[in-house]
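I opened a fresh notebook page for this one and went through the chain piece by piece. Here is what I looked up, in the order I looked.

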Amino acid sequence: MSPFVLASLAAWLLVVACGWVFRSRTYATFRAVGLGLQVLFASALFPRVHGLWPLFVYGHAAVFVHALALIRPRLRPLAYRALISIPGALFGAGTMLALPWVLL
């Protein structure tokens, strides 16, 4: 397994465990499924991004940081929304929309 996949699985496990302990079983289940698909698709796409890998890793990490922050939801400052929340949401949605390319 590549370091990207191992780090993604560790982040997935961290979010799910923290969601289970600090929020609810429902949130943990929701994040386990959603982030599980995110990890699966991103792991398939990562070897093909070549020169854009720093942006890809940043977007992927933003997804996990955003999911962790939503365990205790509250209004965050503009810097957080601009650097984590919006890029994380866009990257997560974009990765899910990449399903046809992942299958090919």
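The entries below go from the core to the helices, then to single residues.

**Entry 1: the core**

I noted at the start that this is a predicted model. My opening question was which residues have the most contacts inside the largest nonpolar core. I found 17 residues in that core, and the best-connected ones are Val15, Leu35, Phe56, Phe64 and Ala67. I then looked up where the core residues come from: H1 (3-22), H2 (25-45) and H3 (53-69) each give at least two. H2 supplies the largest share, with five residues.

I picked Ala67 for a closer look. Leaving aside neighbours within four places in sequence, I listed Val15, Tyr27, Arg31 and Leu35 as the contacts of Ala67. Val15 and Leu35 were already on my page as core residues with the most contacts.

**Entry 2: helix H2**

I checked the length of H2 next. Its 21 residues reach 30 Å from first C-alpha to last, close to the 30 Å expected at 1.5 Å a residue. Which residues of H2 are buried? I wrote down Tyr27, Ala28, Arg31, Ala32, Leu35, Gln38, Val39, Phe41, Ala42, Ser43 and Leu45. I also looked up what they pack against, and the partners are H1, H3, H4 and helix H5 (99-103).

A reminder to myself: an α-helix has 3.6 residues a turn, so residues three or four places apart point the same way.

**Entry 3: Arg31 and Gly36**

Arg31 caught my eye as a charged name on a buried list, so I asked: is Arg31 buried or exposed? Arg31 has 16% relative accessibility, and it counts as buried because the cut-off is under 20%. Arg31 sits in H2. Beyond four places in sequence, I found Arg31 in contact with Trp12, Val15, Val16, Gly36, Ala67 and Leu70. I also took one distance for the page: Arg31 and Trp101 are 70 residues apart in sequence, and their C-alpha atoms are 23 Å apart.

Gly36 was on that contact list, so I followed it up. Gly36 is also in H2, and I have it as partly exposed, with a relative accessible area of 27%. Not counting residues up to four places away in sequence, Gly36 touches Trp12 and Arg31. Trp12 is thus noted as a contact of Arg31 and of Gly36. From Gly36 to Ser24, twelve residues along the chain, I noted a C-alpha separation of 18 Å.

**Entry 4: Ser43 and Val33**

Back in H2, I looked up Ser43. Ser43 is buried at 18% relative accessibility. With neighbours within four places left aside, Ser43 is in contact with Phe4 and Val5.

Val33, again in H2, gave me the opposite reading: Val33 is exposed at 53% relative accessibility. I then found Val33 in a nonpolar surface patch of about 340 Å², together with Leu37, Leu40 and Met96. H2 gives the largest share of that patch, three residues.

**Entry 5: helix H3**

I ran the length check on H3 as well. The 17 residues of H3 should span 24 Å at 1.5 Å a residue, and the end C-alpha atoms are 24 Å apart, which agrees. The buried residues I listed for H3 are Phe56, Gly59, His60, Ala62, Val63, Phe64, His66, Ala67 and Ala69. Their cover includes H1, H2 and helix H4 (78-97).

I chose His66 from that list. His66 lies in H3 and is buried at 16% relative accessibility. Beyond four places in sequence, His66 is in contact with Tyr80, Ile84 and Ser85.

**Entry 6: outside the helices**

What is the phi of His50? It is positive, about 45 degrees, although His50 is not a glycine. Most residues other than glycine have a negative phi. I placed His50 in the loop between H2 and H3, and it is exposed, with a relative accessible area of 59%.

Last, I turned to Ser2, in the segment before H1. Ser2 is partly exposed at 31% relative accessibility. The C-alpha atoms of Ser2 and Ala42 are separated by 12 Å, with their positions 40 residues apart along the chain.

Notes:
Residues numbered from 1 in each chain as written. Predicted model: local features only at pLDDT ≥ 70, side-chain atom pairs only at ≥ 80, totals over all residues. Heavy atoms only, no water. Core = buried A, V, L, I, M, F, W, Y, C linked by side-chain atoms within 4.5 Å. Buried < 20%, exposed > 50% of the residue type's maximum accessible area, 1.4 Å probe, protein only. Helix = DSSP H or I, 4+ residues; strand = E, 2+ residues; numbered from the N terminus. Contact = heavy atoms within 4.5 Å. Expected span 1.5 Å × (residues − 1). Patch = residues over 30% accessible without salt bridge, like charges linked within 9 Å, V, L, I, M, F, W, Y side chains within 5 Å. Areas by Shrake-Rupley, 256 points an atom, 1.4 Å probe, with all protein chains shown as cover. Salt bridge = Lys/Arg side-chain N within 4 Å of Asp/Glu carboxyl O.
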